[in-house]
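Welcome! Take a moment to look over the sequence and the structure below, and then let us walk through them together.

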Amino acid sequence: MKLNKRPLALIAMAAATALTLSACGGGDDDSGSGGGGDGGGTFTAYIGEPKSPLVPGNTTESEGAKVISALWTGLVGYDEDGAVTYDGVAESIESDDNQNWTITLKDGWTFHDGTPVDAQSFVDAWNYTANPQNAQDGGSYLSRIAGFADLESGAATELSGLAVVDDLTFTVQLETPFALFPAVVGYDAFNPLPDVFFDDPEAFGTNPIGNGPFQADSEYVPGQGITLTRYDDYAGDDAAQADGMEFVVYADQATAYTDAEDGNVDIVDVIPPDVIESAQSEFGDNFINTEVSQITYLGFPTYDARFADPRVRQAISMAIDRDAISTAIFSGTRTAADSFISPVVDGYREGSCTYCEFDPDQANDLLDEAGFDRSQPIDLWFNAGAGHDAWIEAVGNQLRQNLGVDFQLRGDLDFAQYLPLGEEKGFTGPFRYGWSFDYPAAESYLTPLFTPQSFPPVGSNYPFYENPEVTDLIQQGDQAGTEEEAIELYQQAEDLVAEDMPMAPLFFTQIQTVHTDHVSNVRIDLFQRPVWSEVTVN
Amino acid sequence: MGRYIARRLLIAIPTLVGASILIFAMVYALPGDPIRALAGDRPISPAVVQVLTDRFHLDDPLFVQYWEYLKGLLSGDLGTDFRGRPVLDTIERTLPVTIRLTIVAVIFEAVIGLIAGVLAGIRRNGYFDNLVLVSTTVIVSIPILVLAFLAQLLFGLKLGWFPIAGTRDGWYSYVLPGLVLASGSLAYVARLTRTSIAENMRADYVRTAKAKGLPPSRVILRHTLRNSLIPVVTFIGADIGALLGGAIVTETVFNLPGIGRELFDSIKAQEGAVVVGIVTLMVFFFIFFNLIVDVLYAVLDPRIRYD
């Protein structure tokens, strides 16, 4: 039996139609959900149904992560350029050799149940998350810590690289030196867990207890949401401005948007693409556009003889007019990518992907040089039911127009089949892939995608691309003395990748957020989450 | 009558088992790896995939999996979803929402549908009859999806009469989605009643009743309507069974956390245990309400006996 996602597409289509009609609707009456004045008041925010229980180490998708970010504060934060700031629980994260790190915590941090946030609460949490027996989605984030491989194989039950020194200090030994380690630990998977978690992890998932600016006021009800209140004993500088907030689960983004138009939900952090133009005029200053870390790629099966020649891959990349597709299909919500490293992190250079420039003439020359057989159509692979059909077809049309090669759409597989096919080297032509960073660093766009240690299913190197020089440069970068040196080495690696073109970067993603007049100071962080603590209620 | 009901209930047992095996096999046959789908774009380590696969017996052959499921079922355990949540909890949480929606929808369907049908039926080809004919044609021909969005925008956003989404306003939140959900069946009930009434109005016993000098209201309500209800009751009964299975579109558009939305999400995520649990429940409802309809026949028409 084959279940396609047509109903979903239909819903989306109707949503599009209906919401375009609604463009002139007014959403002026405010939801009177809270008090006024400076500070205080409560607000509501949209989320989709989280995929996993509300445990930081088990949450790697966007919806659950929004709740986690309100309930937890990690070791470090990031400024708007992605640089590490010590405004979290960590006082310092230091190392002499980039391999043995000492993490010192600030005193006075407590969990919402009153127990202290100490070194043990981090070490226990990391050991739990990394252990495959606990099946935590975020486990692989800890793979750099020494002893991870033994955990995977079942030879150990704890990470040998972690050691508690005293209440506020613990040490981390890495498998190999990594200069950017402090940038890694700000992510959710590294958050601390209170003792009560280990008594009953399942119950914890609906009654989460963190150390963040908000605490859970009710248990999480699937399909409905969760109510939070300000945590008054919060030790950080970014205490919550509002008295409380509520996450409301919506099955459909379009419904959430309509509800925001009517003032029933205050923050919708990602609105459907179809309403972006009308939302701009309707919400005015309450419409926010944010560039985020995601890059959309067209990957090449380098294992397929037809695409083994880098010149073929360069040609295809150059034959795609990214700007035209961006305007025609994404109404500007994605911008043409010109680099393998996203502009939101340090290390991005404008135009570093030389073959990303639209140049049909050179593309044809390259294709001729490579002796590419133009009589056979090119298969274009993408996963079904996720709204990729239109732009992939546009890519195909451009290949036909600019290179004179016909194309065949291969978009019948759901995600559950799409990635396993990629693992088995089953793609017979260019395939869609999307990547967001794990942590804000240039390296997060290189190691997971372009090194042999990331061959699927362990990592995301679906092109099965391998260039020893690239691997070597990335490794040197990992071990560099300073961040500047590291970035320089990563950029050299990027230049080699750009020459080999295992994946063609196509678009950088932007997300569009709207909020009602009921709230102000809505900002989206690098991980695409509104910064809940900063939101003020009018 | 008692024996008839008992027999029908006994037949229901193999039907339910058969249905669950069928659904189980279908979910089993779905291509792809649900564990991978759960993880999304970001790969999870092979060790984690293995642990989860073992935990949910995904590597076992179909009948071993079904046996595990059945063993749990006998002790009242419907299994858990991939997030570790008991399926029973999920049903307990979502079913009340769907029941409320169904009640509201059936009330609309029965009340408006019957009144419109009766009024149209007694004066065939009159002004009201034509009005019902045209309006029901229009309603039936608009997909429920479009109706749902139109209603939401018009009555929710523009006029502000009803909440746009969610269940925050109690029963009132169910009025608009209930009306949308009922619209198609409502039109059908109206037309069914109309035809049935119009036919019976020409029947001998109605002419006799009129000739006896009974007031028109009594002729219509006591004599014509009661006899005309049989096809209508059949339809509404079957419809309740179907409505309780959840309305994917309506529940999604109006953001009602009901069983239809849950089922749809579970099918997408290949949550075998949830899908089997919900679908088996739906089959049960269907059987149950069809039984009630059959029993009602005897009440409506004394000529029908079951013993």
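## Overall form of chain A

For a chain of 538 residues, a compact globule would have a radius of gyration near 24 Å; chain A has 24 Å, so the two agree. Keep in mind that this is a predicted model. Along the principal axes, the C-alpha atoms of chain A fill a box of roughly 70 × 60 × 45 Å.

Inside that box, the secondary structure of chain A comes to 17 helices and 19 strands. Buried residues account for 54% of the 538 residues in chain A. Among the contacts in chain A with a separation of 6 or more, 69% join residues that are 24 or more positions apart.

## A four-stranded sheet

One sheet in chain A is a good place to start exploring. Four strands of chain A make up this open sheet, in the order S4-S5-S7-S6, with antiparallel pairing. Strand S4 (90-95) and strand S6 (162-166) of chain A stand at the edges; each has a single partner strand, so one side of each is left without a neighbour in the sheet. On average, and ignoring direction, neighbouring strands of this sheet are turned by 20 degrees against each other.

Now follow S6(A) to its partner: S6(A) and strand S7 (residues 169-173) of chain A pair in the antiparallel sense over four bridges. A:Thr169, in S7(A), is the bridge partner of A:Asp166. Helix H3 (residues 119-130) of chain A lies across strand S5 (100-105), S6 and S7 of chain A, and runs at about 170 degrees to S6(A).

## Where chains A and B meet

Next, turn to the place where the two chains touch. Here 49 residues of chain A are in contact with 47 residues of chain B. On the side of chain A that touches chain B, helix H1 (6-21), helix H8 (253-261) and helix H14 (415-423) of chain A each supply at least two residues. H1(A) gives the most, with seven residues. The residues on this side of chain A divide into 23 nonpolar, 16 polar and 10 charged.

## Two helices crossing in chain B

Finally, find helix H7 (residues 144-158) and helix H8 (residues 175-201) of chain B: their axes come within 10 Å and cross at roughly 145 degrees. The crossing of H7(B) and H8(B) is right-handed.

On the H7(B) side, the contact is made by B:Ile144, B:Leu147, B:Ala148, B:Ala151, B:Phe155 and B:Gly156, while H8(B) brings B:Leu176, B:Val180, B:Ser183 and B:Gly184. The residues of this contact of H7(B) with H8(B) comprise seven nonpolar, three polar and no charged.

Methods:
Residues numbered from 1 in each chain as written. Chains lettered and ligands numbered in written order. Predicted model: local features only at pLDDT ≥ 70, side-chain atom pairs only at ≥ 80, totals over all residues. Axes fitted to C-alpha atoms, helices over the stretch in contact; angles between N-to-C directions. Left-handed = near helix turned anticlockwise from the far one by under 90°. Contact = placed C-beta atoms within 7 Å. Nonpolar A, V, L, I, M, F, W, Y, C, P; charged D, E, K, R; others polar. Rg over C-alpha atoms; globule rule 2.2 N^0.38 Å. Buried ≥ 20, exposed ≤ 12 C-beta atoms within 10 Å, placed from the backbone. Pairing = 2+ DSSP bridges.
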